[in-house]
Amino acid sequence: MFITCVSDAVYPRVGETMMRLLARYGILLDFPKLQTCCGQPAYNSGYWAEAKAAARTILAAFADSDFVVSPSGSCTYMLHHYEELFKDEPEGREQARQLRHKTFEFTQFLVQVLGITDVGARFPHKITYHPSCHGSRLLGVKDEPMELLRHVKELEFVPLPFAEDCCGFGGTFAVKMPDISGAMVAEKVDHLRETEAEVLVGLDMACLMNIAGHLRYRNEPVRVMHLAELLYEGVVLA
Amino acid sequence: MSAGKNSKRTVQERAGLALNDDFLRKAVRFTTERLRSGKRKAAEEHGNWDEWRERGRQIRLHTIAHLDYYLGLFADQARVNGVHVHFADTAEEAVSLALEIASKHAAATVVKSKSMVTEEIHLNRALESAGIEAVETDLGEYIIQRAGETPSHIIIPAIHKNRYQIADLLSEDAGERLAPETAILAGYVRKKLREKFLAADIGVTGCNFAIAETGSIVLFENEGNARMVTTLPKTQISFMGMERIIPSWSDLEVMATLLPRSATGQKLTVYMSGITGPKRSGDADGPEEMHVIVLDNGRSLQLGDPEFQELLNCIRCGACLNACPVYRHIGGHAYGGTYSGPIGAVLTPALNKNVAEWDDIAGASSLCGACYEACPVKIPLHDMLVSLRRRKVERGYGDARETIGMKAYGSLMSRSKRYHGFLRLGRLGQKLIVRNGGITLKLGPLKGWNRYRVAPGLAAEPFRERYQTLEAELRQGLQELPPEIAERMRKRIGSREKSAGGEEHGGRSPGVAGSSGSTLES
Amino acid sequence: MAEDHREWLDHLDQRSRAKQEEFLGKIASRLRRPRLTQKPRQPYRGAPDFWNSYDGSEDDNLQRFTRNFEEAGGYVIRADSLQEAGRFMTEKALELQAKRILRHDRPALADLGLESSLPEAKVQVWNWNREASEDWKARAAEADIGIIMADYAVAYTGSIAILSGPDKGRSVSLLPAVLFAVIPIASLVTRLGEVLTAFDRTGREGLPAGIHFISGPSRSADIENDLTIGVHGPGIVYAVLVSG
C-alpha cells in the first residue's frame with residue numbers, strides 16, 4: 001500500500017476501504033512504514049533536491065514489493081518522474097524504473113491487474129465523477145473507473161459538464177495563486193451543481209479535498225467520496 | 001526583448017485585474033469554449049487524430065534537429081526565386097533591417113497582416129517612430145491597434161473587447177457614429193483598409209510555414225488581408241521565426257490538417273497561400289521586390305537543450321490557450337508578454353532567458369496537462385513549466401518563503417519517523433483551530449486556501465497508525481486468493497522479468513531528453 | 001530599377017550570405033555537431049500512409065466538395081458545359097446589377113460568352129494586352145465580379161486552388177466582392193496532399209509566384225465571436241463545377 005500523504009494524514013478511510021475491498025479477494029496489502037510522500041509538491045515547484053529526499057523513502061519502502069497500489073493517480077504518476085530525478089544514480093535509477101512498472105493506481109490495479117470490474121456493490125444514489133488531471137491525462141486512467149461504476153447496482157450516473165477541466169488544486173498552485181485557483185474550483189462546483197448529484201466521486205483525494213473545501217465554504221451538501229469508499233460502502237450495502 | 005510596461009506588476013496582480021473584469025472573463029470563456037469544442041469536433045470528425053499529431057510531431061522534430069540544413073536550403077532556393085533573404089539574431093537587427101528597407105523605398109505606409117513575430121519585435125512601434133504609418137489589417141488587430149493595446153489571444157486578438165467598445169473605437173477612427181453591429185463595423189474596416197491596401201508602399205507578413213525545398217512561404221488566414229498585403233504593395237517583407245519551416249509541400253498537408261482544426265475547428269482556413277518569390281516578369285500584380293527576414297531572438301537558445309528543444313515544434317495554433325483553465329480565467333494580457341497562455345508561459349521566459357524577471361508566469365499553472373493533450377505537435381508544455389520552475393530555483397531566484405518551506409518539507413519527508421512525529425504534533429496543535437472538523441483560519445499557507453474553502457483538519461488517527469489494527473482484523477478469516485487472479489498477477493510479474501522494458505500501463509512516459517528518446521536525434 | 005537601388009540590394013545580399021554562415025553555424029554548434037550539407041533522410045514525410053490510400057469516387061468528391069464549400073458559406077453550382085455556366089453567371093450578374101466584370105485571360109473563360117450576354121456591363125480580361133501601363137490592380141478594385149478558372153479543386157477540404165500567372169492575376173480572385181470560380185470536374189481531387197505532392201514533383205522551377213487555396217468566402221469572428229462574411233476578400237463566392 002502506497003498510502004500517499006494526503007490519504008495518510010487527512011483521509012485514512014480511503015486507505016482502509018481499499019484494504020477492505022482487496023481483502024475480499026484474499027489480497028492483504030502490507031504497509032512499508034518507511035514511506036512518507038512521493039515528493040510531488042517539491043518536484044512541481046522546482047525543488048528537486050527536496051523531492052528526491054522524499055522520493056528515497058518511497059524507493060526504499062517498495063524495493064521488494066511485487067505490486068504497489070495507491071489511491072491517487074497523480075502520486076502514482078509522480079513515480080514516473082523518479083528515473084529522471086535519479087538519472088545520475090544508476091542504482092536509484094534502476095529501482096525507479098522497476099518501481100514504475102509495478103505501481104498502479106487503485107482502479108488500474110482492480111481492473112487491469114486483477115481483472116475485477118464488478119465488486120458486487122449497490123449504491124442507490126445520484127453520483128457524478130471528476131477525472132483528476134494527472135490520472136486521466138498523464139497516467140491514462142479513463143475507462144477503469146467508469147467500468148467499475150457501471151457495475152454498481154442502482155447507481156444513477158450523471159456526467160459532469162466539462163469534467164476534464166482542472167479543479168484548480170495543482171498542489172502549491174492553490175497556495176501561490178489562490179485567486180486563480182479559487183476561480184477554477186468555483187467553476188468546478190458550479191458545474192457540479194448543474195448535475196444535482198448527491199455524491200461527487202473521484203480517484204484523487206487532493207482534488208477531492210480541494211473541491212470539498214469549496215463545497216463546505218459554500219454550504220453545499222454534496223458528499224465527496226473516493227471511489228474506494230463508494231465501492232466499499234456499496235459492498236456493505238449489497 | 002524589453003520587459004515591457006507590464007513587468008512592474010506581477011502575474012498575480014494582473015491576473016487579479018482580469019478576474020475582476022466580468023466581461024473579459026465571460027468573453028474569454030465563451031471564445032475558448034467555442035474554439036475548444038470546434039477543435040474537438042473537427043478532430044473527431046477527421047479521425048485518427050493521435051496518429052496525425054504524432055506525424056506532425058515527427059516532422060517538426062526532424063526539421064528542428066536538422067534546422068541548419070533546412071534553413072540553408074530555404075535561403076538558397078528563395079534567393080534563386082528572387083527573394084532577398086536576411087538573417088537577424090536579435091529583434092533590434094530585424095527591426096533595423098526593416099527600417100532600412102522602408103527608408104530605401106521612402107515608404108510612407110506599411111500594411112501588415114497578422115504576425116506574432118512582428119509583435120514580438122515591436123515592429124509597429126519602430127515604424128511609427130520612423131514616421132511611417134503601420135496599419136494592421138486583420139480585423140481584430142486593427143481594432144486593438146486603434147485602442148493602443150496588444151493582442152490577448154494568438155488567434156482572436158480582440159477577444160477582450162465588446163462590440164460597444166469596438167464601436168466607440170471605430171467611430172472615433174471614422175469621424176462619425178457607427179452602430180455597434182458586427183456587419184457595420186466590419187464593413188467600415190473593409191472600406192477603410194481597401195484604401196490602405198491600394199496605396200501602401202510595403203506589405204508586411206509573418207510566415208506560418210516556410211517550405212525549404214522550394215524557398216516558398218505559406219500563409220494561413222480567413223479574412224483575405226494577408227493576400228492583399230502580398231498582392232498589392234510593390235514591396236513585401238515577410239518575417240519568419242527561424243523554426244517556422246518544414247521540408248516539403250507534402251509535409252504541408254500534415255500542418256494544414258493540424259493547424260486550422262486545432263486553432264478554430266475549421267478543415268482549412270479560407271485562404272492558404274504559397275508565395276514563391278516576387279512577381280514574375282509577366283505578372284501584372286504581386287510585389288516587385290520581396291524580402292524574408294529570418295529571426296532568432298532567443299530561439300536558438302532552445303536548440304541542444306533536451307528540456308526545451310521541443311518548444312520549437314510549435315505551430316502557433318493557440319489550441320493550448322483554448323484548453324488552459326488558467327488562461328480561461330485570466331485572459332491573455334495577464335501573462336505580460338507577447339505570447340500568452342501555456343505556450344506563452346514557456347516561450348516568454350525561454351526566449352528572454354531572464355528567468356528571474358519572468359518568474360511568476362511559470363507559476364500560473366496547475367500543471368493539469370490540458371495543453372499537452374491539446375497540442376497538435378505534442379509539446380510537453382506541462383513538463384517544461386516544471387523545468388522552468390526548477391531552473392529558477394537552481395539559479396537562486398526561488399521565493400524565500402517557499403524555499404524555507406521546501407527545505408522543511410524535505411527534512412520532514414526524508415525520515416518517516418520525523419514525518420510521523422510531525423503528524424502527531426499537528427494533531428495536537430490543530431485542536432486550537434479545528435471547528436467541526438474544519439479549519440477556517442486564514443493564516444500562513446492557509447490564507448489563500450481558506451479565502452475560498454474550509455480546510456480539513458488532520459485525521460484523529462492517520463492511516464499509518466490505523467494499519468496495524470486493520471491488518472490484524474483483516475488477516476483473520478482472510479479469503480483465499482482466487483486462482484484466476486493469482487494467475488494474472490503471476491503473469492504480470494513474469495513478463496516484467498522477461499522484457500527489459502517491463503510493461504507499460506497507460507499514459508505517456510514523462511519527458512526529459514524527449515519522451516520517446518527522439519527529440520534530438522530524428 | 002535605379003542603379004543605386006540595385007547596388008544596395010546586392011550589398012544586402014552579400015551581407016546576408018556572410019550572416020547566413022554565422023547563423024547556420026550557430027545552429028549546428030548548439031546541436032553539437034558539424035554543419036549538415038547533405039539532405040538528411042526523412043523517415044516521416046507527408047501524411048500518414050493510411051491517409052494516402054484514401055480516394056473518393058467522382059461522385060463522392062463532388063458531394064463532399066459541395067457540402068464543405070456550402071458549410072463555409074460558399075455556393076456550389078453544377079453545369080454541363082461552359083455555355084451553361086455562362087448562362088448562370090449572366091443571370092447572376094444581372095441580378096446583382098454588376099457593372100464591371102474582370103476575368104482571367106483563359107480561352108475557356110472566353111467560352112462563357114459573357115462579353116456578348118452582358119452588353120451593359122464592362123467585361124475586361126486581365127492583362128490581356130500585357131501592357132505595363134494598364135493598372136490591373138485598380139481594375140480589379142473597381143470590378144464587381146471576378147471570374148477565374150481553378151487549376152485544382154479539393155473535395156476533402158472544400159477548396160479551390162489557383163496558380164498565378166501573367167494571364168491569371170491574383171487580384172481577380174481577391175478584390176471584387178463577388179467571385180465565380182469555374183472548376184472543370186476533371187481537376188477535382190480527393191485530398192489536399194494530391195495537389196501538394198504535385199508541387200513537390202514540379203519543384204521550385206515549376207512554381208508560380210502565388211498559389212492560392214480558397215475555401216469559401218472571406219470571414220472573421222473577431223468581434224465578439226460574431227461571424228461576419230466578406231471582410232477583405234470576396235463575400236459571395238460561387239464554385240461552378242463544369243463537366244465535359
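This note goes through chain B and its two partner chains, from one residue out to the interfaces.

1. The structure is a predicted model, in which local features need pLDDT of at least 70 and side-chain atom pairs count only at pLDDT 80 or more, while totals for chains, interfaces and linings use all residues. Residues are numbered from 1 along each chain as its sequence is written, chains are lettered from A and ligands numbered from 1 in the order in which they are written, and side-chain values use heavy atoms, with hydrogens and water left out.

2. A good place to start is B:Ser250, which belongs to helix H12 (residues 249-264) of chain B; helices (H or I, at least four residues) and strands (E, at least two) are DSSP runs, numbered from the N terminus. B:Ser250 counts as buried because its relative accessibility is 9%, the term buried meaning under 20% relative accessible area, with exposed over 50% and partly exposed in between (1.4 Å probe, protein chains only).

3. The side chain of B:Ser250 makes a polar contact with that of B:Ser248, at 3.1 Å. A polar contact is a pair of N or O atoms within 3.5 Å; within protein, one must be able to donate a hydrogen and the other to accept it, and residues adjacent in sequence count only if both atoms are side-chain atoms. Leaving aside residues up to four places away in sequence, B:Ser250 touches C:Arg45, C:Gly46, C:Ala47, C:Thr197 and C:Asp200, where contact means heavy atoms within 4.5 Å.

4. Turning to the interface with chain C, 116 residues of chain B are in contact with 94 residues of chain C. The two chains bury about 8800 Å² between them, 55% of it on carbon and sulfur atoms; buried area is the accessible area (1.4 Å probe) that two parts lose on being put together, summed over both.

5. Ten salt bridges are found across the interface of chain B and chain C, a salt bridge being a side-chain nitrogen of Lys or Arg within 4 Å of a carboxyl oxygen of Asp or Glu. One of them joins the side chains of B:Asp296 and C:Lys26 (3.1 Å, N to O). There are also 62 residue pairs in polar contact across this interface, both residues being at pLDDT 80 or more. On the side of chain B that touches chain C, helix H4 (residues 67-80) of chain B gives the most, with eleven residues.

6. Chain C itself has eight helices and twelve strands, and of its 244 residues 57% count as buried. Its C-alpha atoms fill a box of roughly 65 × 55 × 45 Å, taken along the principal axes.

7. The interface with chain A deserves its own reading, since it has its own set of values: 96 residues of chain B are in contact with 94 residues of chain A, and the buried area is about 8000 Å², of which carbon and sulfur atoms give 60%. The rule finds 13 salt bridges here, including the one in which the side chains of B:Arg464 and A:Asp8 meet (2.7 Å, N to O). Polar contacts across this interface link 36 residue pairs, both residues being at pLDDT 80 or more, and helix H21 (residues 463-475) of chain B supplies the largest share of the side of chain B that touches chain A, nine residues.
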